[in-house]
Amino acid sequence: MFKTASLFFTLLLPVMLSASGVAAADKFTLEGFFAGKSKAVGSFSAINGVKRKFTVDLTGKWNGRTLTLREDFVFNDGTRDTKTWRFVKTGPATYSGTREDVIGETKVTLQGNVARFSYLVYLDSAKQANKVRFYDKMVLRSDGTVLNTALVTKFGLPVARTVVSFEKAGAKGKMKSR
């Protein structure tokens with residue numbers, strides 16, 4: 001009996017663990033992942049040959065309705081930048097987001113472990129020049145990290161791509177410092 005039960009759990013445990021990982025990924029919310037400290041590594045590459053790698057330290061504060069997400073960027077050339085998103089939860093799986101360089105607001109929609117949103121931004125916000133549109137897709141992966149891929153367009157044509165991998169601070173990370 002003990003051998004049979006032991007064999008049953010040995011065979012069933014991996015299935016149960018992978019199912020729980022999927023269930024956890026299906027409960028993706030911006031506040032669930034980004035409240036508190038997290039970090040990211042990423043890259044931006046444009047069709048004109050511009051390539052930039054960066055790291056980001058993020059601090060998220062959730063007040064029950066709004067996630068305020070401060071992003072402190074350090075680029076591979078040493079330049080620094082700070083951006084702050086404000087995501088207001090508008091429904092169980094929707095948010096409205098604003099940021100200082102975003103024109104208007106974005107609507108974020110969650111479906112399972114995926115968040116999608118699109119927004120207009122000035123790449124040179126001081127001069128309000130070089131307006132582009134980002135199409136972001138964030139996926140909560142089974143290892144607990146979030147992968148964000150974004151297509152950047154100008155006049156409807158693809159001009160750049162950005163890839164960013166996020167993890168909770170203190171997580172046993174797979175991220176490399178850049």
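Phe166 is a good place to start in this predicted model: with a relative accessibility of 5%, Phe166 counts as buried, since anything under 20% does. Its partner is Phe34, and Phe34 is buried too, at 2% relative accessibility. This is one of the eleven aromatic pairs that turn up when the whole structure is searched. The two ring centres, of Phe34 and Phe166, are 5.2 Å apart and the planes stand at 90°, so this pair is edge-to-face. The contact also links distant parts of the chain, with Phe34 in helix H2 (residues 30-34) and Phe166 in strand E11 (residues 157-168), 132 residues apart.

A second pair is arranged another way. The planes of Trp85 and Phe87 are at 15°, with 4.9 Å between the ring centres, so these rings are stacked. Trp85 has a relative accessible area of 4% and is buried, and Phe87, at 5% relative accessibility, counts as buried as well. Trp85 and Phe87 also belong to one aromatic cluster, together with Phe117, Tyr119 and Phe134.

Some rings have a charge for company. Over the ring of Phe75 sits the charged end of Arg52, 3.9 Å from the ring centre. Over the face of Phe33 lies Lys168, and here the distance to the ring centre is 5.8 Å.

Strand E11 comes up again with the salt bridges, of which there are nine. One of them joins the side chains of Glu167 and Lys39, at 3.5 Å from N to O. Glu167 is in strand E11 and Lys39 is in strand E1 (residues 36-46), so the bridge ties together parts of the chain 128 residues apart in sequence. What about exposure at the two ends, Glu167 and Lys39? Glu167 counts as buried, at 3% relative accessibility, whereas Lys39 is partly exposed, with a relative accessible area of 32%.

Arg99 takes part in two salt bridges, one with Glu71 and one with Asp101. In the bridge to Glu71, the closest N and O atoms are 3.7 Å apart. Arg99 belongs to strand E5 and Glu71 to strand E3 (residues 66-75), so this bridge ties together parts that are 28 residues apart in sequence. Both ends are buried: Arg99 has a relative accessible area of 14%, and Glu71 comes in at 8% relative accessibility. In the bridge to Asp101, the closest N and O atoms are 2.6 Å apart, and Asp101 is buried, just as Arg99 is. These contacts are part of a network of salt bridges that links Glu71, Asp81, Lys83, Arg99 and Asp101.

Strand E5 (residues 94-99) leads on to its neighbour E7. The two run antiparallel and are joined by four bridges, and Gly97 stands opposite Thr106 in E7. On its other pairing, E7 runs antiparallel to strand E8 (residues 114-124), with three bridges between them; here Leu110 stands opposite Ala115 in E8. The hairpin of E7 and E8 has two residues between the strands, and in it Gly112 takes a positive phi near 65°.

Which residues of E7 make up its covered face, and which its uncovered one? Thr106, Val108 and Leu110 form the covered face of this strand (residues 106-111), while Lys107, Thr109 and Gln111 form the uncovered one. Thr106 and Leu110 thus turn up twice, on the covered face of E7 and opposite Gly97 and Ala115 respectively.

Methods. Residues are numbered from 1 along each chain as its sequence is written. This is a predicted model: local features need pLDDT of at least 70, side-chain atom pairs count only at pLDDT 80 or more; totals for chains, interfaces and linings use all residues. Side-chain values use heavy atoms; hydrogens and water are left out. Rings of Phe, Tyr and Trp (its six-membered ring) pair if their centres lie within 6.5 Å; planes under 30 degrees apart count as stacked, over 60 as edge-to-face and the rest as tilted. Buried means under 20% relative accessible area, exposed over 50%, partly exposed in between (1.4 Å probe, protein chains only). A charge sits over a ring if NZ of Lys or CZ of Arg is within 6 Å of the ring centre and within 35 degrees of the ring normal. Two strands pair if DSSP finds at least two bridges between them. A salt bridge is a side-chain nitrogen of Lys or Arg within 4 Å of a carboxyl oxygen of Asp or Glu.
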